[in-house]
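Work through the exercises below with the sequence and the model open. Each task is followed by a solution in steps.

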Amino acid sequence: MHPIQAIFGSLAIATMLSVGCSSVQPQASVSPTSGVAPSAPVPQAEPQTDARDGSRGTSPSPAPNEPPAPVAQALGTPLPIEQMAIAGIPLQAPESAVRQRFGEPLNQVDEDWACCGMVRILGYAPDTTIKLLESLDGSTFEVFSFRTRNPDLATRAGIRIGDSHQTLLQTYGPPDGIREEEGYTLLFYGVPDEYAAALWFKLEGDLQSDPSRNRIVEIGYDAQLT
């Protein structure tokens, strides 16, 4: 079984849509890799992956700026795993693919998470954060979380920052989950239930307001960590 599928195989998408992950207090070491200081700290993207060998199944706690878990509701059409990608970087992509696509990050943070091992956080400008989990054999790190506010980056279906709620629905259909927070709405699209992962879109305004205000301001995907 593929390592990532083994990680998510025991989790259901419904679980991810009704509860969030908890995060541990990781031991972090920050190592700038390009000599350029980032304009802001790297955001802590929503962790979501792995029990790996089944022996470290403690749930991690949400980092302060993670998107909240959506409220469970009637499911929309499941999202094919192949669509879980932004800027050509899919879920499970190796670190080499990330560096080939984006180059050296502005900064790098390595964290040892009690739930699942070493996590590497790469920060790119503008406002792009990619999280990777160390592979089972320790040979590389693999992407489990991606978030961006960069309008030049798009999902595999072509959705990007600035697109409207209507365009999003025309492209992906009804979401699996919706969560409203002050001034914003989060829409979640989950892959089939053998994976606990979701592609999400943060829109300005609530869905009852003038549709012209419902523009996408942030895009990301995350896989569940246990």
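The exercises start with the whole chain and then turn to single strands, loops and charged residues.

**Exercise 1. Confidence and overall make-up**

Task: Find how many helices and strands the chain has, and state where confidence is lowest and where it is highest.

Solution. The model is predicted, and the mean pLDDT of the chain is 74, with 64% of its residues reaching 70 or more. Confidence is lowest in helix 2 (residues 13-18), with a mean of 34, and highest in strand 3, at 98. Over residues 1-64 the pLDDT is below 50, yet this stretch has 178 contacts in the model beyond near neighbours in sequence. Residues 67-74 also stay under 50, with 32 contacts beyond four places in sequence. Where pLDDT is low, the predicted coordinates should not be read in detail. As for the make-up, the chain has four helices and twelve strands. Of its 226 residues, 51% are buried. Among contacts with a separation of 6 or more, 63% are between residues 24 or more positions apart.

**Exercise 2. Strand 7 and its partners**

Task: Which strands pair with strand 7, and in which sense? Determine also how many of its residues are buried.

Solution. Begin with strand 6 (residues 117-124), which runs antiparallel to strand 7 and is joined to it by six bridges. Within this pair, valine 119 stands opposite leucine 133. Next take strand 8 (residues 141-148): its pairing with strand 7 is also antiparallel and has seven bridges. Here isoleucine 130 in strand 7 faces phenylalanine 146 in strand 8. Last, count burial: six of the seven residues of strand 7 (residues 128-134) are buried, so this strand is largely enclosed by the rest of the structure.

**Exercise 3. Turns and unusual backbone angles**

Task: Locate the cis peptide bond and residues with a positive phi in the hairpins of strand 7 and in two other loops.

Solution. Most residues other than glycine have a negative phi, and most peptide bonds are trans. The cis bond joins alanine 125 and proline 126, with omega about -5°. Proline 126 is in the loop between strand 6 and strand 7. Those two strands form a hairpin with three residues between them, and aspartate 127 in the turn has a positive phi of about 50°. The hairpin of strand 7 and strand 8 has six residues between the strands; in it, glycine 138 has a positive phi near 75°.

Now look at the other loops. Alanine 87, in the loop between strand 3 (85-86) and strand 4 (89-90), has a phi near 55°. Alanine 87 is buried, with a relative accessible area of 11%. Glutamine 92 lies in the loop between strand 4 and helix 3 (95-102), and its phi is positive at about 85°.

**Exercise 4. Salt bridges**

Task: Which residues form salt bridges with glutamate 218, and which residue pairs with arginine 99?

Solution. Seven salt bridges are counted. Glutamate 218 forms one with arginine 147, the closest N and O atoms being 3.5 Å apart. Glutamate 218 lies in strand 12 and arginine 147 in strand 8, so this pair ties together parts that are 71 residues apart in sequence. Glutamate 218 is buried at 9% relative accessibility, and arginine 147 is buried at 3%.

A further partner of glutamate 218 is arginine 149, at 3.6 Å between the closest N and O atoms. Arginine 149 is in the loop between strand 8 and helix 4 (165-172), so its pairing with glutamate 218 in strand 12 links parts 69 residues apart in sequence. Arginine 149 is partly exposed, at 34%.

Salt bridges with shared partners join Glu95, Arg99, Glu104, Asp110 and Arg120 into one network. Within it, arginine 99 pairs with glutamate 95 at 2.9 Å; both lie in helix 3, four residues apart.

**Exercise 5. A buried charge**

Task: What is the nearest side chain of opposite charge to aspartate 222, and what does aspartate 222 contact instead?

Solution. Aspartate 222 is in strand 12 (residues 216-223). Aspartate 222 is buried and has no salt bridge; arginine 147, the nearest side chain of opposite charge, is 4.8 Å away, while the cut-off is 4 Å. The side chain of aspartate 222 does make a polar contact with that of tryptophan 200, at 2.5 Å.

How values were computed
Residues are numbered from 1 along each chain as its sequence is written. This is a predicted model: local features need pLDDT of at least 70, side-chain atom pairs count only at pLDDT 80 or more; totals for chains, interfaces and linings use all residues. Side-chain values use heavy atoms; hydrogens and water are left out. Buried means under 20% relative accessible area, exposed over 50%, partly exposed in between (1.4 Å probe, protein chains only). Two strands pair if DSSP finds at least two bridges between them. Lys and Arg count as positive and Asp and Glu as negative; His and the chain ends are not counted. A polar contact is a pair of N or O atoms within 3.5 Å; within protein, one must be able to donate a hydrogen and the other to accept it, and residues adjacent in sequence count only if both atoms are side-chain atoms. pLDDT is the predictor's confidence in each residue, from 0 to 100. Contact means heavy atoms within 4.5 Å.
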